Amino acid sequence: QVQLVESGGGLVQAGGSLRLSCAASGRTFSRDLMGWFRQTPGKERTLVARINWMGLANYADSVKGRFTISRDNAKNTVYLQMNSLKPEDTAVYYCNILTVGTYSPVASWGQGTQVTISS
């Protein structure tokens, strides 16, 4: 059973930075496609960044140039460095293993980590 634990969220002012972490257990994900999602109340969870096993990353237009996804396979951990944060980045952030091609989540969701950006 894969478990995903997100951490690193918090309350910061617009323009600030946060670094999120996602620790995975129950599976070695060194060859997996990994992604970060975010969700606001009443809206669907959306994929904002993904990274393949070689470290090749892709971003949603809304975060491109501001967010950086990375991974440490030895630690089974994925990170999301978020810079130049905006109030519209406020959301609960989740990570997951992704299905290649469809980018659908594979594992059960973790508890997420709340990110709140004040203007």
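Author: A residue is called buried here when its relative accessible area is under 20%, and exposed when that area is over 50%. The model discussed below is a predicted one.

Reader: Is Glu6 buried or exposed?
Author: Glu6 is found in strand E1. A residue under 20% relative accessible area is buried. Glu6 has 3% relative accessibility, so the word for Glu6 is buried.

Reader: Which residues does Glu6 touch, leaving out residues up to four places away in sequence?
Author: The cut-off for a contact is heavy atoms within 4.5 Å. By that rule the partners of Glu6 include Ser21, Trp36, Tyr93 and Tyr94. Both Cys22 and Cys95 are also among them. The list is completed by Gly110, Gln111, Gly112 and Thr113.

Reader: How many Å apart in space are Glu6 and Leu33, C-alpha to C-alpha?
Author: Along the sequence, Glu6 and Leu33 are 27 residues apart. In space, the C-alpha to C-alpha distance between Glu6 and Leu33 is 17 Å.

Reader: How many helices and how many strands are there in the protein?
Author: Read from the N terminus, the elements run β-β-β-β-β-β-β-β-β-β. The count is therefore zero helices and ten strands.

Reader: What is the strand order in the open sheet of four strands?
Author: Strands of a sheet pair through backbone hydrogen bonds, either parallel or antiparallel. In this four-stranded sheet the pairing is antiparallel. Neighbouring strands in this sheet are turned by 15 degrees against each other on average, direction ignored. The order is E1-E3-E8-E7.

Reader: Which strands stand at the edges of that sheet?
Author: An edge strand has a single partner strand, so one of its sides is left without a neighbour in the sheet. Two strands fit this description: strand E1 (3-7) and E7.

Reader: Which residue in E3 stands opposite Leu4?
Author: Strands E1 and E3 run antiparallel and are joined by five bridges. Opposite Leu4, in E3, stands Ala24.

Reader: How many residues of strand E8 are buried?
Author: Strand E8 covers residues 77-82. E8 pairs in the antiparallel sense with strand E3 (residues 18-25) over six bridges, and Leu18 has Met82 as its bridge partner. Strand E7 (residues 67-72) is also antiparallel to E8, again with six bridges, and here Ile69 stands opposite Leu80. Strand E8 is mostly covered, and its buried residues number five of six.

Reader: Which residue in the hairpin of E7 and E8 takes a positive phi?
Author: This hairpin has four residues between its strands. The positive phi is near 55 degrees, and the residue that takes it is Asn76.

Reader: Which strands are at the edges of the open sheet of six strands?
Author: The pairing in this sheet is mixed, and the strand order is E2-E10-E9-E4-E5-E6. Its twist averages 25 degrees from one strand to the next. The edge strands pair on one side only, and they are strand E2 (10-13) and strand E6 (57-59).

Reader: Which residue in E5 stands opposite Phe37?
Author: Strand E4 (residues 33-39) and strand E5 (residues 46-51) run antiparallel, joined by five bridges. Opposite Phe37 in E5 is Leu47.

Reader: Where in the chain are the two cysteines of the disulfide?
Author: A disulfide is a covalent bond between the sulfur atoms of two cysteines. The structure holds one disulfide, and it joins Cys22 to Cys95 with an S to S distance of 1.7 Å. The two cysteines are 73 residues apart, with Cys22 in strand E3 and Cys95 in strand E9 (residues 91-98).

Reader: Are Cys22 and Cys95 buried or exposed?
Author: The relative accessible area of Cys22 is 0%, so Cys22 is buried. Cys95 has 1% relative accessibility and therefore also counts as buried.

Reader: What is the handedness of the disulfide?
Author: The torsion about the S-S bond of Cys22 and Cys95 is the value to look at, and it is about 50 degrees. The disulfide is therefore right-handed.

Reader: What radius of gyration does the protein have?
Author: Along its principal axes the C-alpha trace spans about 40 × 25 × 25 Å. A compact globule of 119 residues would have a radius of gyration near 14 Å. The value for the protein agrees with that: 13 Å.

Reader: What share of the 119 residues counts as buried?
Author: The protein exposes about 6,200 Å², of which carbon and sulfur atoms supply 49%. The buried share of the residues is 42%.

Conventions:
Residues are numbered from 1 along each chain as its sequence is written. This is a predicted model: local features need pLDDT of at least 70, side-chain atom pairs count only at pLDDT 80 or more; totals for chains, interfaces and linings use all residues. Side-chain values use heavy atoms; hydrogens and water are left out. Two strands pair if DSSP finds at least two bridges between them. Axes are lines fitted to C-alpha atoms, for helices over the stretch in contact, and angles run from 0 to 180 degrees between N-to-C directions. Buried means under 20% relative accessible area, exposed over 50%, partly exposed in between (1.4 Å probe, protein chains only). The radius of gyration is taken over C-alpha atoms; the globule rule is 2.2 Å times the number of residues to the power 0.38. Accessible areas come from the Shrake-Rupley method with a 1.4 Å probe; for residues, only the protein chains shown count as cover. A disulfide is a pair of cysteine sulfur atoms within 2.5 Å.
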